[in-house]
Amino acid sequence: MKISVITVAYNSGASIGRTIESVLAQDLPGPLKAEYLIIDGASSDETPERAEGYRERLEQKGIEYTIISEPDGGIYDAMNKGIRMAKGDIIGLLNSGDTYEPDTLRTVSQTFENTGCELMFANIRIYRHDGSSFVKKARLRRFQTSRDWNHPTTFVQADVYKAHPFRDLGIHDDYGFFLQMKRQGRRIVTVDRVLAGFAMGGASSKKSFKAAGKRIMDRYRYCYRINGYSRWYMVECIAIEAAKMILG
């Protein structure tokens, strides 16, 4: 089995190092192969140079390493580009600033081999600005919500990702993809284990009423309604943004 990890970056010089270090720290048993793709959107800072500085160490570990730095149409356009380029059997998307646990790729390999799943996701540790953290659990339920799903821990069979690229409609298109797969009846499993870390503060958590309103409508239209979910999911979209505003 070969796993492809894709990191999309733009002006991420201050954060991309810890992401690459977490890939470099992976425990890769002999039969497991890995490749790592950095898809940079023509950053104006030192992101490409910092990424290039890890080439020798990654290649010494046997991880194929590719860096692309060119203009793109945004985060999901860049993700789709990386997915098209990926040569692995399984693909994971790890945003700049996020991190994997050392046993993540080994656990992913074992999960796909043991279950025959097409998509898996796991628990994630979320770090607040004050340094505290909490674990967000991975769950599959009949009434699915984004509170149960964790993007950085999601891994998908490559042929599934390539056949269903991100629609590139809104900020939550990754969750929209997950709901699309769920509605199609894909074989999805969860792993009750922390496999990634996520630092709060990105576009999905920006505190302003305007930004929150856009996220509500994006989630409602391009995640739930586009995939045939009930209009009642608008309540869930509003509740999530209210919790972000109150709790941070």
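**Helix α4, internal spaces and overall form**

In this predicted model, helix α4 runs over residues 75–85. Its buried residues are Tyr76, Ala78, Met79, Asn80, Lys81, Gly82 and Ile83. Buried here means under 20% relative accessible area. Lys81 and Asn80 are thus listed as buried alongside Met79 and Ile83. An α-helix has 3.6 residues a turn, so residues three or four places apart point the same way.

Several elements cover the buried residues of α4. Among the strands are β1 (2–9), β2 (33–40) and β4 (90–93). Helices also take part, including α6 (158–163) and α7 (173–183). The cover of α4 therefore includes both helices and strands, with contact meaning heavy atoms within 4.5 Å.

Helix α4 also takes part in a pocket. The second largest pocket holds about 240 Å³ of space. It is lined by 13 residues, and those closest to its centre are Val8, Ala9, Tyr10, Ser12 and Ile75. Strand β1 and helix α4 each supply at least two residues of this lining. By class, the lining of the second largest pocket has 6 nonpolar, 6 polar and 1 charged residues.

Enclosed space was examined next. Rolling a probe the size of a water molecule over the atoms shows where empty space is left. The structure holds 1 cavity of 30 Å³ or more. The volume of the largest cavity is about 50 Å³. Its lining consists of Leu93, Trp149, His151, Thr154, Tyr161, Phe166, Asp174 and Phe177. Of these residues, 5 are nonpolar, 2 are polar and 1 is charged.

The whole protein gives the setting for these features. It has 9 helices and 9 strands. Its radius of gyration is 17 Å, close to the 18 Å that the globule rule gives for 248 residues, so the protein is as compact as a globular protein of that length. The C-alpha trace spans about 50 × 40 × 35 Å along the principal axes.

Burial and contacts were then computed for the full chain. Of the 248 residues, 51% count as buried. Contacts between residues at least 6 apart in sequence were also sorted by separation. Among them, 77% join residues at least 24 apart. At the surface, the protein exposes about 11,500 Å². Carbon and sulfur atoms supply 53% of this exposed area.

Methods
Residues numbered from 1 in each chain as written. Predicted model: local features only at pLDDT ≥ 70, side-chain atom pairs only at ≥ 80, totals over all residues. Heavy atoms only, no water. Buried < 20%, exposed > 50% of the residue type's maximum accessible area, 1.4 Å probe, protein only. Helix = DSSP H or I, 4+ residues; strand = E, 2+ residues; numbered from the N terminus. 1 Å grid on protein atoms, 1.4 Å probe; cavity = no way out; pocket = protein on both sides within 12 Å on 5 of 7 lines; lining within 4 Å. Points joined across faces, edges and corners; volume = space filled by probe spheres on them. Nonpolar A, V, L, I, M, F, W, Y, C, P; charged D, E, K, R; others polar. Rg over C-alpha atoms; globule rule 2.2 N^0.38 Å. Areas by Shrake-Rupley, 256 points an atom, 1.4 Å probe, with all protein chains shown as cover.
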